[in-house]
Amino acid sequence: MIKLKDILKESSGFYSTDPGPKRWFKPYGDKYTEYEKATNKSLKEFRPPGKISGEPADVEGLTPEQIEADMKAITGYNNSASKRGNLGEWRVKFYAKRELPMGDWNKAIKHITDVYGAYIDKDWTRNDYEANYEPEEPPEWVPSIYFEEA
C-alpha cells in the first residue's frame with residue numbers, strides 16, 4: 001500500500017517534480033494503467049482498434065437500434081445492444097429465460113463477424129442463463145455477445 005510519506009520521499013518537494021509515468025492513472029475497472037497500455041504492446045488484453053486480420057465491413061454507422069433489429073430478426077428474442085467504452089466495444093444481451101438455441105446463437109455470431117466485420121471477445125461471450133437466488137432480483141447472467149468493431 002502506498003503511504004503519503006513514501007510519496008513525499010519520492011519528490012524532493014511537494015509537487016516540485018513530476019512523479020513520472022509509473023503513477024499514470026488506472027481507470028475504474030481497468031486491469032492495467034494507461035502507462036502499461038501505452039508501453040507494453042504484448043499485453044494479452046491489449047489490441048488496438050482496427051488491427052483484425054482480414055478486411056472488415058464498413059461499420060461507421062453502426063447503431064444500437066440497428067444491432068437490436070438485426071439480432072431480433074435472426075434469433076427472435078428481444079435484446080439490448082450497448083456501446084461499452086470509446087474503442088468500439090459492444091455488448092448484446094438477450095432477454096431469454098434460458099440459453100438460446102445453438103442454431104440461432106451461431107447465426108448471431110456469424111452475422112456479427114461477417115456482416116459487421118467485428119472481433120468476438122471469447123472470454124466474455126457466453127450462451128448461458130443463470131437465475132438469481134432472489135426471485136425478485138434480475139438474473140445473474142443472460143446470453144450475451146461481446147464484440148469490438150474493426
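Q: What order do the elements of this chain run in, from the N terminus on?
A: They go α-α-α-β-β-α-β-β. That's 4 helices and 4 strands, in what is a predicted model.

Q: How much of the chain is made up of buried residues?
A: Buried residues are 28% of the 150 in the chain. Among contacts with a separation of 6 or more, 49% come from residues 24 or more positions apart.

Q: Why is the pair of Tyr-116 and Phe-147 called stacked?
A: Start with the distance: the ring centres are 6.3 Å apart, and rings pair if their centres lie within 6.5 Å. Then take the angle: the planes sit at 25°, and planes under 30 degrees apart count as stacked. Both tests are passed, so this is a stacked pair. The structure holds 4 aromatic pairs.

Q: What makes Tyr-116 and Phe-147 a link between distant parts of the chain?
A: They're 31 residues apart. Tyr-116 is in the loop between helix H4 (102–114) and strand E3 (119–120), while Phe-147 belongs to strand E4 (residues 144–148). As for accessibility, both Tyr-116 and Phe-147 are buried.

Q: How do you know that Trp-124 and Trp-141 are stacked?
A: Same recipe. Their ring centres are 6.4 Å apart, against a limit of 6.5 Å for a pair. Their planes are at 25°, and stacking asks for under 30 degrees, so the pair is stacked. Trp-124 and Trp-141 both lie in the loop between E3 and E4, 17 residues apart.

Q: Why does Trp-124 count as partly exposed, and why does Trp-141 count as buried?
A: Trp-124 has 49% relative accessibility. Buried needs under 20% and exposed needs over 50%, so Trp-124 falls in between and is partly exposed. Trp-141 comes in at 14%, which is under the 20% cut-off, so Trp-141 is buried.

Q: Which residues form one aromatic cluster with Trp-141?
A: Trp-124 and Tyr-146 join Trp-141 in that cluster.

Q: What makes Arg-126 a charge that sits over the ring of Trp-141?
A: The charged end of Arg-126 is 4.1 Å from the ring centre, and the limit is 6 Å. There's an angle test too, within 35 degrees of the ring normal; Arg-126 is listed as sitting over the ring of Trp-141.

Q: How do helix H3 (residues 64–75) and H4 cross?
A: Their axes come within 9 Å and cross at roughly 145°. The crossing is right-handed.

Q: Which residues of H3 meet H4?
A: Asp-70, Met-71, Ile-74 and Thr-75 do, and on the H4 side they meet Asp-104, Lys-107, Ala-108, His-111 and Ile-112. By class, this contact has 4 nonpolar, 2 polar and 3 charged residues.

Q: Why is Ala-69 called partly exposed?
A: Its relative accessibility is 45%. That isn't under 20%, and it isn't over 50%, so Ala-69 is partly exposed. Ala-69 is in helix H3, and its C-alpha is 9.7 Å from that of Ser-80, 11 residues apart in sequence.

Q: What makes Leu-87 partly exposed?
A: Leu-87 has a relative accessible area of 45%, and values between the 20% and 50% cut-offs get that label. So Leu-87 is partly exposed. Leu-87 lies in the loop between strand E1 (79–83) and strand E2 (89–94). Leu-87 and Ala-150 are 63 residues apart in sequence, yet 9.8 Å apart in space, C-alpha to C-alpha.

Key
Residues numbered from 1 in each chain as written. Predicted model: local features only at pLDDT ≥ 70, side-chain atom pairs only at ≥ 80, totals over all residues. Heavy atoms only, no water. Phe/Tyr/Trp six-rings, centres within 6.5 Å; stacked < 30°, edge-to-face > 60°. Helix = DSSP H or I, 4+ residues; strand = E, 2+ residues; numbered from the N terminus. Buried < 20%, exposed > 50% of the residue type's maximum accessible area, 1.4 Å probe, protein only. Axes fitted to C-alpha atoms, helices over the stretch in contact; angles between N-to-C directions. Left-handed = near helix turned anticlockwise from the far one by under 90°. Contact = heavy atoms within 4.5 Å. Nonpolar A, V, L, I, M, F, W, Y, C, P; charged D, E, K, R; others polar.
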